[in-house]
Amino acid sequence: MSVYLRRNFLLSFLASFISLFGSKLLMISYAAYVFKESGSATLSAIVFAADWIANLFVGIFAAQYIDRQNAKTLLIKLNVAAALITLLFLAFLAPGMFVGAVILVFVRSLLKSAVSNARVKALVQFFDERETDLYSPVFNSSLPLALALAGAAGVFILKFIGFTAVVWIDASAFVVAAVLTVFVQPHSARLEDSLAAARAAGRRGSLSGARDALALMARKETIGTAVFYIVLSVTAFQATYESLITVIPQVWFHWGESGTALFFTFESVSIMAGIFLYQFFSRRELITAANGNAVNLVAVTAATLCYLAMPAARGNLYLCVALFSVMVLCGEVVWVHQFKLMIAHTPDAQVSSVVGVQTAIGYSLMAVFAFVFARGMDGIGVARSVYADIALVVVLVGGWELLLRGRLRRRDAAHPAPSLPVPDDVRTAN
């Protein structure tokens, strides 16, 4: 890897990570503050829901616009706008300003979602095809990694310094991300091709990009499967365990904010370990097209079993953290593997649209899962909520795999492989 390439990747990755860290820091800190003051997992989940549901609007209505833009310019503008909006939060720090604060979280999340789509578009404008395939798993992992580190940092800042400091750090992160992006040099040929392909059809309806993306997912099993498992990862796993780790440190172990920060810290470590392991085996061609589905199913199964066992570790903090860490690691392997496949099989001109629809579906359902799971913890208890979630995972994965295999069998039956011609010497001998 050349010095130029390392510099370009490092700058773009750091800008992406810092921007996402800033977008998550305030949201997680505010959710922790609400739970601490009210003791309600439901109110805390509303904060997460306001953040996640914003992705629905950007993914459906704005992704096609993002596909036609220069990602570098767009990222700079969006990060500066997010910094200015964040500073408005200083007027909503009083406990009685909850409704206004949630509305502001939603507005910030619209910008954050646009940043997420633009940074994915940057993958096909900053690098060539080989580099995009190489970097996409690591680049995309900046999102869950930023979420985990923001959780750990936010809880400590909130406890020892105060919420005002969270707001200023959050706004500064967006400014730093914008400055770093200024120094990124896009891949000129790939940038021109990407813009030309996206703009070739001219201006179309706001929903046309989403419709085309859904048609592509339905037509290509690889993209459809990737979207399914990414959505599964952020709903049945991430949405529920993010809600869970704001509750169990206090309910199970009476550790308060320190316990929540502990789980977020181990989440970040596990995400990094998952990225490293996947890249290690992938670079050595030990994860290939032939065994990729098996690797995916093994990772999903391992994550499910660890999640299932967590209620049994209620009396043992070390075992609970260990099970949680393995679950996150396996979930990260599923995430990066499927994201890599989705980017690799999606035309450059539709990258933002496909990712936008996937994000809209995933994070809208993430809001629903988090809210329902939180209500379940408040109503039927933590353990039963976990068991219900795992039962849903089994049904969804089993149903999807059966549906996919049935579709492939019908396709093979409708289009059988042509028989090979018999050589002349064999016909003569017979």
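**Helix packing around α13**

Helix α13 crosses α16 in a left-handed sense, meaning that the near helix is turned anticlockwise from the far one by less than a right angle (clockwise would make a crossing right-handed). This is a predicted model, so local features need pLDDT of at least 70 and side-chain atom pairs count only at pLDDT 80 or more, while totals for chains, interfaces and linings use all residues. Residues are numbered from 1 along each chain as its sequence is written, and side-chain values use heavy atoms, with hydrogens and water left out.

On the whole, the chain is built with 17 helices and zero strands; these are DSSP runs numbered from the N terminus, with helices being H or I of at least four residues and strands E of at least two. Of its 430 residues, 56% are buried, that is, under 20% relative accessible area with a 1.4 Å probe and protein chains only (exposed is over 50%, partly exposed in between). Contacts (heavy atoms within 4.5 Å) reach far along the sequence: among those with a separation of 6 or more, 86% join residues 24 or more positions apart.

Back to α13, which spans residues 292–309, and α16, residues 382–414: their axes come within 9 Å and cross at roughly 165°. Axes here are lines fitted to C-alpha atoms over the stretch in contact, and angles run from 0 to 180 degrees between N-to-C directions. The pair is therefore roughly antiparallel, the label for angles over 145 degrees (under 35 is roughly parallel, 65 to 115 roughly perpendicular, and the rest oblique). On the α13 side, the contact includes Asn293, Leu297 and Val300, and on the α16 side Asp389, Glu401 and Arg405 are among the partners. Sorted by class, this contact has nine nonpolar, two polar and three charged residues. Ala, Val, Leu, Ile, Met, Phe, Trp, Tyr, Cys and Pro count as nonpolar, Asp, Glu, Lys and Arg as charged, and the others, Gly among them, as polar.

Helix α13 also packs on α14 (residues 317–345), with the axes 8 Å apart at an angle of about 155°. This angle makes α13 roughly antiparallel to α14, and the crossing is left-handed. Gly292, Ala299, Ala303 and Cys306 are among the α13 residues involved, facing a set on α14 that includes Met327, Cys330, Gly331 and His337. The α13–α14 contact has 13 nonpolar, five polar and no charged residues. Val300 and Tyr307 of α13 appear in the contact with α16 and also in the contact with α14.

Elsewhere, Glu242 sits in helix α10, residues 221–244. Glu242 counts as buried because its relative accessibility is 1%.
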